[in-house]
Structures are given as structure tokens and as C-alpha cells.
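I opened my notebook to look up a few things about side chains and helices. Here is the structure I had in front of me.

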Amino acid sequence: MNEECPICFENITIDDADEGLICFTCSYMYCRTCCNHQYIIEKNKCALCNQDLKLDEDDELFSLINISLEKTKETYLHLGIVFSKIASRYFNYNFLYSVELYKQAHDLGLEVPYIKIADKYYEKKDYHQAVIWYQVIPNSPEACLKLGIVYSILDNYDLAIKWYKKSAYLGNNVSIGRLGFYFQENDKLELAEYWYELGVTLGDVSSINNLAVLYRKEGDKNKSFKLFKRASNGGSKEAMFNLAMVYKEKGYNRKCRRLLRKSSDLGYEPAALLII
């Protein structure tokens with residue numbers, strides 16, 4: 001990879017490399033300004049060697065690997081950015097090829113978006129690979145949450161609880177709510193209440209709503225009503241629906257309809273069905 005732009009002969013910066021175009025056969029790279037060269041834009045070819053900039057993915061990867069083997073450590077950072085940049089371009093329509101490029105960027109010392117890769121495997125329901133990539137970043141609350149979700153899908157609840165707890169201790173409110181719900185569903189109400197109350201102290205509206213549901217089942221309607229109101233004011237569409245049902249029982253039909261409409265507008269289907 002050339003260290004100066006072959007068109008204007010200015011030094012290429014890291015920002016240029018991030019935005020630059022590279023011709024993989026000849027390895028020419030241009031500065032950001034010269035990337036807007038009319039010939040490059042119109043012909044999509046290298047201005048020096050006339051090589052088409054869009055090659056077959058296998059040819060690109062092979063050329064990139066060959067280039068990396070020929071470079072000194074001083075140029076690895078620039079090349080790593082190239083790998084990462086090209087990987088991001090291919091991410092949505094040739095995912096496996098993109099992952100290979102990200103691996104090369106990592107080998108050259110560049111951080112790669114592990115959670116983005118793991119999320120893509122999760123979307124594809126390749127849970128084995130998703131787990132591998134999420135565990136690369138074990139101190140990420142979001143990654144720990146996703147591990148909990150994956151293990152729940154796989155019916156491995158011991159591991160699901162382990163990762164939910166780790167995510168919760170790292171400050172993820174969604175994990176706190178999921179722990180409370182899991183223990184509630186399994187009739188471990190003391191543990192459910194513990195996690196919901198923790199979520200309440202952190203202002204998690206989902207935990208506030210779920211704790212209200214728990215209190216209502218236990219017959220404490222006063223506490224339940226106050227919590228439904230708090231969660232509803234916090235924007236919880238589920239709490240708005242639940243509070244509407246409380247108002248309906250009390251005969252406050254106007255308040256009930258107003259909350260049902262608001263919950264429905266936020267996309268809560270049970271509320272929309274009652275309005276219809």
C-alpha cells in the first residue's frame with residue numbers, strides 16, 4: 001500500500017485510509033480528496049492502472065492477504081482500517097466474507113465490532129456461532145444479555161440465569177427485568193420481587209410494571225396502582241394497558257379509554273383489540 005497519494009503526492013492519513021479506495025491488484029490507495037477524481041467516480045477504475053475496483057470477493061480477500069504479508073508493522077494500522085472498511089461494506093449481503101475481513105483486521109491489531117457480528121449470527125439463528133462471538137466480549141452488559149437470551153432459547157436456563165445476572169451486575173436493566181420475570185414464572189416470588197425492586201430503584205419501567213402485576217396478584221391493590229401509574233408515566237405501554245384495566249374496574253371509563261388509546265398508539269396489540 002502506497003504511503004503517499006499517487007495523484008497529488010500528499011501523505012495518506014488514517015482518515016484517508018478509512019474513506020479511501022483501494023485497487024487490490026495493484027494496491028494503490030488515494031487520499032480522500034483524490035478519491036473524488038472524476039475518472040474514479042465515473043469509471044469505477046483505478047486512475048493509474050485502469051483496474052476495476054470491484055473484484056470478485058475471493059480475489060479481493062486473496063489480494064488483501066498477499067498485501068498484508070508484504071507489509072511492515074508500520075503500515076499494519078492503515079491496512080487494518082482497509083480490511084475493516086471493506087468488511088463493513090459487505091456486511092449485509094455477503095456476511096461470511098465480511099467476517100473473514102474483520103478477522104484479518106483483528107489480526108492486524110484493529111478492534112472489530114464483535115457484538116455486531118454476534119447479533120448477525122443471532123438474527124440468522126446460528127446460535128452456536130452467536131455464543132462464540134458474544135463470549136469474545138464477556139464484560140459487555142449487552143453481550144451478556146444476549147447470551148442469556150440465546151441460552152433461554154436453547155432451554156439452558158442455568159446458563160441463561162448466569163449471563164442475565166452478569167449483565168444485571170454490569171448495569172443492564174433489561175436483564176434485571178428478565179430475571180424477575182423468570183423467577184415469577186417459576187413461582188419463586190421472593191426472588192422475583194428482589195429483582196423487580198432492584199429494577200424499580202434503577203427506574204426501569206418494565207420492572208416497575210411487573211412488580212405492580214406481582215403486587216396485584218398478591219392482593220395489594222394500593223401498591224399495585226401506584227406502581228402502574230409510575231410505569232405508565234414513564235412510558236410503559238404495558239403499564240398504560242394495566243392501569244386502564246384498573247380504571248375500568250373502578251368505573252372510570254374515560255380514563256380507561258384514554259390510556260387504551262395511548263397504549264395502542266405505542267403499538268400494544270391487546271390495547272388496540274379492546275379499542276376495536
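Is Lys-146 buried, partly exposed or exposed? I looked up its relative accessibility and found 21%, so Lys-146 counts as partly exposed. I noted that I was working with a predicted model.

**Entry 1: the partner of Lys-146**

I then checked what the Lys-146 side chain meets. It forms a salt bridge with the side chain of Asp-119, at 2.9 Å from N to O. Asp-119 lies in helix 6 (residues 114–123) and Lys-146 in helix 8 (residues 141–153), so this pair ties together parts that are 27 residues apart in sequence. I jotted down a reminder that side chains of opposite charge can pair when their charged atoms come close.

**Entry 2: counting the salt bridges**

How many salt bridges are there? The count comes to three.

Another of them joins the side chains of Glu-100 and Lys-103, with 3.7 Å from N to O. Both residues sit in helix 5 (residues 95–107), three residues apart, which is about one turn of the helix. I looked up their accessibility too: Glu-100 is partly exposed at 34% relative accessible area, and Lys-103 is partly exposed at 38%.

I also found Arg-216 paired with Glu-249, where the closest N and O atoms are 2.5 Å apart. Arg-216 belongs to helix 12 (residues 205–217) and Glu-249 to helix 14 (residues 237–250), so the pair ties together parts 33 residues apart in sequence. Arg-216 counts as partly exposed, with 24% relative accessibility, whereas Glu-249 is exposed, with a relative accessible area of 59%.

**Entry 3: helix 12 and its neighbour in sequence numbering**

Since Arg-216 had led me to helix 12, I stayed there. How do the axes of helix 12 and helix 13 cross? They come within 8 Å and cross at roughly 160 degrees. Angles over 145 degrees count as roughly antiparallel, so helix 12 is roughly antiparallel to helix 13. The crossing of helix 12 past helix 13 is left-handed.

I listed some of the residues that make the contact. From helix 12 they include Val-205, Ile-208, Leu-211 and Arg-216, so I met Arg-216 again here, besides its salt bridge with Glu-249. From helix 13 they include Lys-221, Leu-227, Phe-228 and Ala-231.

**Entry 4: cysteines**

How many disulfides does a search of the whole structure find? It finds zero. I looked at two cysteines anyway: Cys-8 is partly exposed, with a relative accessible area of 30%, while Cys-144 is buried, at 0%.

How values were computed. Residues numbered from 1 in each chain as written. Predicted model: local features only at pLDDT ≥ 70, side-chain atom pairs only at ≥ 80, totals over all residues. Heavy atoms only, no water. Salt bridge = Lys/Arg side-chain N within 4 Å of Asp/Glu carboxyl O. Helix = DSSP H or I, 4+ residues; strand = E, 2+ residues; numbered from the N terminus. Buried < 20%, exposed > 50% of the residue type's maximum accessible area, 1.4 Å probe, protein only. Disulfide = S-S within 2.5 Å. Axes fitted to C-alpha atoms, helices over the stretch in contact; angles between N-to-C directions. Parallel < 35°, antiparallel > 145°, perpendicular 65-115°, else oblique. Left-handed = near helix turned anticlockwise from the far one by under 90°. Contact = heavy atoms within 4.5 Å.
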